[in-house]
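Visitor: I have a protein model open on my screen and would love a guided walk through it. Could you take me from the overall build down to single residues?

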Amino acid sequence: MTLPHGTDAPALYVPPGPDPLPPLAALLRTALSGEGNLLSLLPASAYKVPFGPLGYSRRFILIVNDPEHIRSVLADPEDVFPKSDLMVGALEPLVGDSIFVSAGDRWRAQRRMIDPSFSHIRLSLAYPAMAAAIDDMEARLDERCRTGEAFSLDMMLSQLTADIICRTVFSTSLANDTARDVFESFAVFERSVAHVELRRLIFDKAFSAIPQNPAVLEACARIRHHIGTLLDRHHAAGASYEDITASLIGARDPQGDAAFTREELIDQLGVFFLAGHETTASALTWAFFIAAMRPEVADRIEAETREHAQDQSLSFEQTRHLTYARNVFRETLRLYPPITFLPRVALKPVKFGRYQLRRGSMVMIAPWVAHRHSALWKNPHAFDPDRFLPEREHEMTPGAYIPFGIGRRVCIGAAFATTEATLILGRLLRRYRFVVERPERVRPVARLTTRPAEEIMVRIQRTEGAA
């Protein structure tokens, strides 16, 4: 698909996405597919209104696209809109009452402790771990080039980002048996807990208990057990580690000097593993798919990388000059935001615009929709990384770009993820080209993150200039 960008501009690429339908047709499509894919449930009207009712359900659902109202909900100064009970219930077996799902005073105390701990791990210190993980991945990809075998792009990038997180959070590579079991257990969690039961969303009352699949509970228990083992290893080693886990162990609340308990540390470390590898892997899967479908994107990233780094290495300072690669990642985050929906729930009756929300009403902030809203973006469904260039800033609507959230709950790992993704794009596209098998079957679904409905199978080739 292509979309004209102005009268004389070349056609822009429009990557896969669902065709928006009227509300009832969208509901029937989602119900008949059996996938529980909320992207297909979104009606065409959702991409046009500043805010308004979303579909048909027992509890009132209000979708919010207007940047000013998005900011007011996410800032939530009066603690009226915590994260949705559906999200909290789904994630609690893995991350407990961690910063990812907590609210109110509990969240504020956790954030006071975590912010300085995370900022202590400077990107310049984490960068060698990122580079080492990519070194190992390149060795495996070189073997794929030799054999010509097809492999899963999704799995390759999940393994790479999980390896980076293990090295920066736990000071161990993914090759470690414990780390690999954590990764494989998380895959079970992602596949199972993320499947939306349409019946539960439409017919259940707010704040209803959410039963979990025994396989999900078992996977969460394994992950938490292994995180605890890695945590105990840090305790035993004393001050010999300089990583995120060590910083969290030493974190203190400036208002009372309290430290995290062992169980609370496992909660927070579970968040770092969940958010630190899965979200980046999701976005990178789409970025590499787009680069495979549009060779000029891959060629431009390769040329930019070679301009700033003549040898195979790519230093931290050199990565900061990869403007186009970084903008490809930013545009991919716009079109395929890893966290597709940011649902909130009203804890008490509240007036919202012209709507009177009852307790339990859901306020749905959807980066997927806001990033493709016809009033907020020029050519909203088209892939155009140059829209992030300084000379085109006037085209941007302030507050319309929210892949990392906004306000006080903005993701503390945004800079880490951006540096990591820019490095991965620069190094791998300088060295390889990916060829997608059956690209016509690729389409997005909203699971725990925005993922392809089926794994994207690819073959790989070395670039002409690769050493």
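The questions and answers below go from the whole chain to its cores, its helix pairs and a few single residues.

Visitor: How many helices and strands does the secondary structure of the protein chain come to?

Guide: Happy to start there, and please keep in mind that this is a predicted model. The protein chain has 467 residues. Its secondary structure comes to 17 helices and 13 strands.

Visitor: What share of the residues counts as buried?

Guide: Let's begin with the outside: the protein chain exposes about 19,600 Å², and carbon and sulfur atoms supply 55% of that area. A residue is called buried when its relative accessible area is under 20%. Of the 467 residues, the buried share is 56%.

Visitor: Among contacts between residues at least 6 apart in sequence, what percentage joins residues at least 24 apart?

Guide: A contact here means heavy atoms within 4.5 Å. Taking the contacts between residues at least 6 apart, those that join residues at least 24 apart make up 76%.

Visitor: Which helix gives the most to the largest nonpolar core?

Guide: In soluble globular proteins, nonpolar side chains tend to be buried together. In this model the largest nonpolar core has 112 residues, and L42, L91, F189, F273, F288, I424 and F434 have the most contacts inside it. A second, separate core has 19 residues, including F352 and I402. With 15 residues, the helix that gives the most to the largest core is α12, residues 262–293.

Visitor: Is α4 roughly parallel or roughly perpendicular to α12?

Guide: Helix α4 covers residues 85–95, and its buried residues are D85, M87, G89, A90, L91, L94 and V95. Of these, L91, L94 and V95 make the contact with D267, G270, V271 and L274 of α12. The two axes come within 9 Å and cross at roughly 110°. Angles from 65 to 115 degrees count as perpendicular, so α4 and α12 are roughly perpendicular.

Visitor: Which residue with a positive phi follows α4?

Guide: Helix α4 spans residues 85–95, so the place to look is just after its end. The residue there has a phi near 55°, and it is G96.

Visitor: How are α13 and α17 set against each other?

Guide: On the α13 side (residues 295–308), the residues that meet α17 are A298, I301, E302, T305 and R306. Their partners in α17 are L425, G426, L429 and R430. The axes come within 8 Å and cross at roughly 105°, which makes α13 and α17 roughly perpendicular.

Visitor: Are α7 and α17 oblique or roughly perpendicular to each other?

Guide: Helix α7 (residues 153–170) and helix α17 (residues 414–431) have axes that come within 12 Å. In α7 the contact uses L157, L160, T161, I164, I165 and T168, while α17 brings F416, E420, I424 and L428. The crossing is right-handed. Its angle is roughly 130°, so the two helices are oblique.

Visitor: Is E190 buried or exposed?

Guide: E190 lies in helix α8, residues 177–193. Leaving out residues up to four places away in sequence, E190 touches E278, R447, L448, T449 and R451. One of these, T449, is 259 residues away along the chain, yet the two C-alpha atoms are separated by 8.5 Å. The relative accessibility of E190 is 9%, so E190 counts as buried.

Visitor: Which residues does D386 contact, leaving aside neighbours within four places in sequence?

Guide: D386 is found in the loop between α16 and α17. Its C-alpha lies 8.5 Å from that of E331, which is 55 residues away in sequence. With the sequence neighbours set aside, the contacts of D386 are R300, Y324 and R392.

Visitor: D257 has a positive phi although it is not a glycine; is D257 buried or exposed?

Guide: The phi of D257 is about 65°, and D257 sits in the loop between α11 and α12. Exposed means a relative accessible area over 50%. D257 has 54%, so D257 is exposed.

Visitor: And is N379 buried or exposed?

Guide: N379 also has a positive phi, about 50°, without being a glycine. N379 lies in the loop between α16 and α17. Its relative accessible area is 14%, so N379 is buried.

Technical notes:
Residues are numbered from 1 along each chain as its sequence is written. This is a predicted model: local features need pLDDT of at least 70, side-chain atom pairs count only at pLDDT 80 or more; totals for chains, interfaces and linings use all residues. Side-chain values use heavy atoms; hydrogens and water are left out. Helices (H or I, at least four residues) and strands (E, at least two) are DSSP runs, numbered from the N terminus. Buried means under 20% relative accessible area, exposed over 50%, partly exposed in between (1.4 Å probe, protein chains only). Accessible areas come from the Shrake-Rupley method with a 1.4 Å probe; for residues, only the protein chains shown count as cover. A nonpolar core is a set of buried Ala, Val, Leu, Ile, Met, Phe, Trp, Tyr and Cys residues joined through side-chain atoms within 4.5 Å. Axes are lines fitted to C-alpha atoms, for helices over the stretch in contact, and angles run from 0 to 180 degrees between N-to-C directions. Angles under 35 degrees count as roughly parallel, over 145 as roughly antiparallel, 65 to 115 as roughly perpendicular and the rest as oblique. A crossing is left-handed if the near helix is turned anticlockwise from the far one by less than a right angle, and right-handed if clockwise.
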